[in-house]
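Good morning, everyone. Please have the sequence and the model open while I talk.

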Amino acid sequence: MRRLLTFLTAALVTGTLFAGGLVTNTNQSATWARMPSRNASIKTDAVYYNPAGLMMMNNGFHLSLSNQTVFQKRTIESSYPYLNSGIYYGSVTAPLFPSVYAAYKLDRIAFSAGFMPIGGGGGASYADGLPSLEMSQSDLVPSLAATPYGVTGYRMDIDFKGTSTFLGFQGAVSYKVNDWLSVAAGARYVTARNSYEGYLRDVEVNTVGGWTAASGIIGDISANARTGGNSLDALVDNDLGGFTADQLVQAGVLNVTQRNNIVNGLTNLGIPNAATLTILQSQDAFFGVANIYGNKASLLEDQEAEAEQTGSGITPFFSINIAPSDNFNIAVKYEMATKLELTNKTTKDLTTGYLDEDPETPITRFPNGAKIRNDMPAMLAVGAELRFPLFSVNAGANYYFDKSADYGHYIDLTPQNSSDYLVHIENDKIIANNGLSISAGYEINVTETFAASVGYSFANKGVNSLYQSDLSYGLSTHTVGAGGAFAFTDKIELNFGVSYTKYIDDSVTVNHYLGGINLMPTETYKKRTLVVGVGLDMSF
């Protein structure tokens, strides 16, 4: 499969946009925003974090309503020398990131249900494109710098947006085994939807005659190459195709001008050792270049994308809560992997290349009806909380079994410029270490009705350089959160908080070939996220 232009927009929005693992959101309550360490919760958000811990709550019905507003900024810096700008900005916004939890607790058993955006949850916008979406067009400048075109610059109108929503609907049953041990089991139904829309328009280059459509120039090169091939028909028809142009000059069939038109024409089109080719080989070379440039011209014409991917899966989970005393508890939760297979529904698609074996057959980015994997990994979460009359402390850790999942990740294993191949790669080849996050929190009762809290969480990067690209990258994170809780009554509590996540920058070398030479530009990836959460917990 020959790829002359790459659009890998699927990676724009899939996966987690906020806190947690590569594809799992764990910022699942407003209380998390003010204290990002909730694994040992014994409040209503334990429906998600610690289902077995619900048995430590009072009997009755408990309801928690939360929303988080999330703002994320992304910056990508590229060292590729032909780009108009080496800095690209992206933004992700999620004004609504809700979670709803309900639990009905009796003496020895509790029933719970929950709703949350378990993955994705926002929209990503790249108004200025990305390096991988622009490098092919920027290559037009050095490629067409010579006469007669004298290209000195390029420009285009490019915009891509995507949204990703992985919604979780879960139910569980919790059971009190004895005074110090509770257990729970449940399942989460996950619905996944990714949507993409965007366009590439008005690709132009600045020639000696001013700005002109790049597709027109590339189309002219294709037409000239085809004319060169057609000009050799008479020689081939007269069984002279097995001779070189120089041999035909010596035989008096061609003159020097005709010979130079053939040899120099091929050389100017980038065909090496043109003088050694036979007439038949020269004709094949002319037609080959005509096809390549003809396809490239079509890729530089206006294109649009409008597609969505949908699928669903089930996540079984199990929970244990150990309470050696009334003021101390330890929580353990294990979530099994969620197999997600998404199906494309496409109304407008991007052409990314043409088949080598059939140059007339286009390759598209979102083939209608095609299926891709986008799993969520198994996760082990542990936590502990120690409570005193005036304050409490807690700690936790999450371990994500990324290597054994299938994220539907593709990488470019291009050995040279002429043929680019996207290869599906298993997670254990792109994950250096399974994901791990650790957290701690502190809450103090300032008054009888108001508590203040602060928390911290660190998550490792986990991925290796094969995973990283401008479309999908994983970074280690430092997250801090602070806020408070105000109790209107002993049954109604308001939670509010703000968290800030600083991602640790990462730089990798990417492959990009120009004229058969891998220029190996460096890309640096940066992110930062702000979360504002507000929630209401009620008991009846």
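I will go through a surface patch, some salt bridges and two threonines.

One caution before we start. This is a predicted model. Keep that in mind throughout.

Let's begin on the surface. Which residues form the nonpolar patch? Here is the list: Phe318, Ile320, Ile330, Val332, Tyr334, Met336, Leu380, Val382, Tyr399, Leu436 and Ile438. Together they have about 820 Å² of accessible area. Now look at where they come from. Four elements give two or more residues each: β9 (303-325), β10 (328-335), β15 (379-387) and β19 (435-445). Which element gives the largest share? That is β10, with 3 residues.

Pick one member and zoom in. Ile320 sits in strand β9. Is Ile320 buried, partly exposed or exposed? Its relative accessibility is 39%. The partly exposed class runs between 20% and 50%, so Ile320 counts as partly exposed.

Now to the charged side chains. How many salt bridges does the structure hold? The count is 17. I will show you three pairs and one network.

Pair one is Arg34 with Glu443. Their side chains meet in a salt bridge, at 2.7 Å from N to O. Find them in the sequence. Arg34 is in helix α1 (residues 30-34), and Glu443 is in strand β19. They are 409 residues apart, so this pair links distant parts of the chain. Remember β19: that strand also gives residues to the nonpolar patch. Are these two partners buried or exposed? Arg34 has a relative accessible area of 0%, so Arg34 is buried. Glu443 has 13%. The cut-off for buried is under 20%, so Glu443 is buried too.

Pair two is Asp45 with Arg38. The closest N and O atoms of this salt bridge are 3.0 Å apart. Asp45 is buried, at 2% relative accessibility. Arg38 is buried as well, with a relative accessible area of 6%.

Pair three is Glu204 with Arg155. This salt bridge comes in at 2.7 Å, N to O. Glu204 belongs to strand β7 (residues 181-207), and Arg155 to strand β6 (residues 153-176). The two are 49 residues apart, and again the pair links distant parts of the chain. Arg155 is partly exposed, at 38% relative accessibility.

Then the network. Arg188, Lys333 and Glu335 are joined into one network by salt bridges that share partners.

Last, the two threonines. Start with Thr315, in strand β9. Its relative accessibility is 2%, so Thr315 counts as buried. What does Thr315 touch, beyond residues up to four places away in sequence? Its contacts are Gly186, Ala187, Arg188, Val190, Glu335, Met336 and Thr338. You have heard some of those names already. Arg188 and Glu335 belong to the network, and Met336 belongs to the nonpolar patch. With Thr338 there is also a polar contact between side chains, at 2.3 Å.

Now turn to Thr276. You will find Thr276 in the loop between α8 (256-268) and α9 (279-299). Thr276 is exposed, with a relative accessible area of 56%. Leaving aside neighbours within four places in sequence, Thr276 is in contact with Thr244 and Gln281. Its side chain reaches the backbone oxygen of Asn273 at 2.7 Å. How far is Thr276 from Val173, C-alpha to C-alpha? The separation is 79 Å, for residues 103 apart along the chain.

That's my tour. Thank you.

Note on methods:
Residues numbered from 1 in each chain as written. Predicted model: local features only at pLDDT ≥ 70, side-chain atom pairs only at ≥ 80, totals over all residues. Heavy atoms only, no water. Patch = residues over 30% accessible without salt bridge, like charges linked within 9 Å, V, L, I, M, F, W, Y side chains within 5 Å. Areas by Shrake-Rupley, 256 points an atom, 1.4 Å probe, with all protein chains shown as cover. Salt bridge = Lys/Arg side-chain N within 4 Å of Asp/Glu carboxyl O. Buried < 20%, exposed > 50% of the residue type's maximum accessible area, 1.4 Å probe, protein only. Contact = heavy atoms within 4.5 Å. Polar contact = N/O pair within 3.5 Å; in protein donor to acceptor, adjacent residues only side chain to side chain.
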